[in-house]
Amino acid sequence: MAQAKKIVLYLLIVFALYTIITSPKRAADLVQIGFEGISSAAQGVGQFMTQLIS
């Protein structure tokens, strides 16, 4: 099981590097989309907590 996790991790790293090298603009767009999603999720959690307190 641990061996499978290592293989999957290595494959993800290779895929990420391949994407960055072959298409840096697309990779930058994907990172921006990811950070926007994280930001939206954090804002949602903040609003939820505010509503619980109020």
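In which helix does threonine 19 lie? Select threonine 19 in this predicted model: the residue belongs to helix α1. Its relative accessible area is 15%, so threonine 19 counts as buried, the limit for that class being under 20%. Display its surroundings next. With residues up to four places away in sequence left out of the count, threonine 19 is in contact with Pro24 and Ala27.

**The whole chain**

Now zoom out to the full chain. Two helices and zero strands make up its secondary structure. The radius of gyration is 17 Å, well over the 10 Å that the globule rule gives for 54 residues, so the chain is more spread out than a compact globule. Aligning the view with the principal axes shows a C-alpha trace that spans about 45 × 35 × 5 Å. Colouring by accessibility will mark few residues as buried: 4% of the 54 residues fall into that class. The accessible surface amounts to about 5000 Å², and carbon and sulfur atoms account for 73% of this area.

**Helix α1 and its nonpolar patch**

Select residues 2-22, which form helix α1. Then show Leu9, Tyr10, Ile13, Leu17 and Ile21 as surface; together they make a nonpolar patch of about 550 Å². One of these residues, Tyr10, merits a separate selection. Tyrosine 10 sits in helix α1, and its relative accessibility of 54% places it in the exposed class, because that class begins over 50%.

**Helix α2 and the salt bridge**

Move on to residues 24-53, the extent of helix α2. How many salt bridges does a search of the whole structure find? The search returns one. To see it, select aspartate 29 and lysine 25, whose closest N and O atoms are 3.9 Å apart. Both partners belong to helix α2 and are four residues apart, about one turn of the helix. Their accessibilities can be compared in the viewer: aspartate 29 is partly exposed at 29% relative accessibility, whereas lysine 25 is exposed at 62%.

**Along helix α2**

The last stop is isoleucine 33, also a residue of helix α2. Is isoleucine 33 buried or exposed? With a relative accessible area of 51%, isoleucine 33 is exposed. Finally, draw a distance between the C-alpha atoms of isoleucine 33 and glutamine 47: the separation is 21 Å, for two residues 14 positions apart along the chain.

Technical notes. Residues are numbered from 1 along each chain as its sequence is written. This is a predicted model: local features need pLDDT of at least 70, side-chain atom pairs count only at pLDDT 80 or more; totals for chains, interfaces and linings use all residues. Side-chain values use heavy atoms; hydrogens and water are left out. Patches are made of residues with over 30% relative accessible area and no salt bridge: like charges are joined within 9 Å, nonpolar side chains (Val, Leu, Ile, Met, Phe, Trp, Tyr) within 5 Å. Accessible areas come from the Shrake-Rupley method with a 1.4 Å probe; for residues, only the protein chains shown count as cover. A salt bridge is a side-chain nitrogen of Lys or Arg within 4 Å of a carboxyl oxygen of Asp or Glu. Buried means under 20% relative accessible area, exposed over 50%, partly exposed in between (1.4 Å probe, protein chains only). Contact means heavy atoms within 4.5 Å. The radius of gyration is taken over C-alpha atoms; the globule rule is 2.2 Å times the number of residues to the power 0.38.
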